[in-house]
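Open the model in your viewer and keep the sequence panel in sight. Each stop below says what to select and what is there.

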Amino acid sequence: MYAIIETGGKQYRVVDGDVLRIEKINAKVGDTIYFENVLMIGEGSDVKVGTPYIDGQKVAAEVVDHGRGDKVVIFKYLPKKDSRTKQGHRQPYTEVKINLNQKSTKVKETAKVENKTEEKPKKSEAKPSISMKKDEIIAFAKERNIEIDEKATKAVLIETIEAALK
């Protein structure tokens, strides 16, 4: 089984056990990271293709090493102008080992944790407050079937919701 993931502006075709050099990621060596931008996964006739990404699909990888790539020399030269510029660059990278078998169990575990948090509403969800983001306030109103104007300001949205709850 293989997957096509996107990270650092590039796409990679990965198989279980592959070691990749990707753009630098802030993670410690030995940490497990998850790539959520999965474009395609499967093999043969059992292939899932995303539009552009597959919802809820993650690919796990373990950080193996950090480093810097080979030096690239940039040399600019203008003939007859006595102009020469030499510059070097080494691109930082993170080396990761792909683990396709781990992703399915981790996705299920995180889904279970999310369900547990949904069962117990937070105290801040009892009433909308000004500290909530606008999209959280809109979601709060939709959950309770309160009609609101989504283009209104946060203060107007809160007043409308409070009036509907009374």
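Begin with the whole protein chain shown as a surface: its accessible area comes to about 12200 Å², and 49% of this belongs to carbon and sulfur atoms. The chain has 166 residues, of which 25% count as buried. Keep in mind that this is a predicted model.

Next, colour the chain by pLDDT. The mean over the protein chain is 83, and 84% of the residues reach 70 or more. Now select residues 103-125, where pLDDT stays under 50. For this stretch the model has 13 contacts beyond four places in sequence. Where pLDDT is low, the predicted coordinates should not be read in detail. Hide the stretch if it gets in the way.

Switch to a cartoon view. The protein chain has three helices and ten strands. Followed from the N terminus, the order of elements is β-β-β-β-β-β-β-β-β-β-α-α-α. Among the contacts in the protein chain with a separation of 6 or more, 55% are between residues 24 or more positions apart.

**Strand β10 and its partners**

Select residues 92-99, which make up strand β10, together with residues 19-23, which make up strand β3. Which way do β3 and β10 run relative to each other, parallel or antiparallel? They run antiparallel, joined by five bridges. To see one pairing, pick I22, whose bridge partner in β10 is T94.

Keep β10 selected and add strand β7, residues 59-68. How many bridges join β7 to β10? There are eight, and this pair is antiparallel. A61 is a good place to look, with I98 as its bridge partner in β10.

Return to strand β3 and select E23. Is E23 buried, partly exposed or exposed? Its relative accessible area is 27%, so E23 counts as partly exposed, since that class lies between under 20% for buried and over 50% for exposed. Leaving out residues up to four places away in sequence, E23 touches G8, K10, Q91 and T94. T94 is also the β10 residue that pairs with I22. Now draw a distance from the C-alpha of E23 to the C-alpha of H66: the two are 9.9 Å apart in space and 43 residues apart in sequence.

**The hairpin of β8 and β9**

Select strand β8, residues 72-78, and strand β9, residues 83-89. These two pair in the antiparallel sense over seven bridges. V72 stands opposite H89 in β9. Four residues lie between the strands of this hairpin, and K80 takes a positive phi near 65°.

Stay on β8 and show the side chains of V73, F75 and Y77. What do V73, F75 and Y77 form on the surface? They form a nonpolar patch, with about 330 Å² of accessible area together. V73 has a relative accessibility of 52% and therefore counts as exposed.

**Salt bridges**

Side chains of opposite charge can pair when their charged atoms come close. A search of the whole structure finds six salt bridges. Three of them are visited here, beginning with E36 and K58, whose closest N and O atoms are 3.7 Å apart. Where do E36 and K58 sit in the chain? E36 is in the loop between β4 (32-35) and β5 (38-43), while K58 is in the loop between β6 (46-49) and β7. The pair links distant parts of the chain, 22 residues apart. E36 is partly exposed at 49% relative accessible area, and K58 is partly exposed at 21%.

Move on to K142 and E150, where the side chains meet in a salt bridge of 3.1 Å, N to O. K142 counts as exposed because its relative accessibility is 52%. E150, at 40%, counts as partly exposed.

Finish with E143 and R144, whose side chains meet in a salt bridge of 3.3 Å, N to O. With a relative accessibility of 59%, E143 counts as exposed. R144 is partly exposed, its relative accessible area being 34%.

Key: Residues numbered from 1 in each chain as written. Predicted model: local features only at pLDDT ≥ 70, side-chain atom pairs only at ≥ 80, totals over all residues. Heavy atoms only, no water. Patch = residues over 30% accessible without salt bridge, like charges linked within 9 Å, V, L, I, M, F, W, Y side chains within 5 Å. Areas by Shrake-Rupley, 256 points an atom, 1.4 Å probe, with all protein chains shown as cover. Salt bridge = Lys/Arg side-chain N within 4 Å of Asp/Glu carboxyl O. Buried < 20%, exposed > 50% of the residue type's maximum accessible area, 1.4 Å probe, protein only. pLDDT = per-residue confidence, 0-100. Contact = heavy atoms within 4.5 Å. Pairing = 2+ DSSP bridges.
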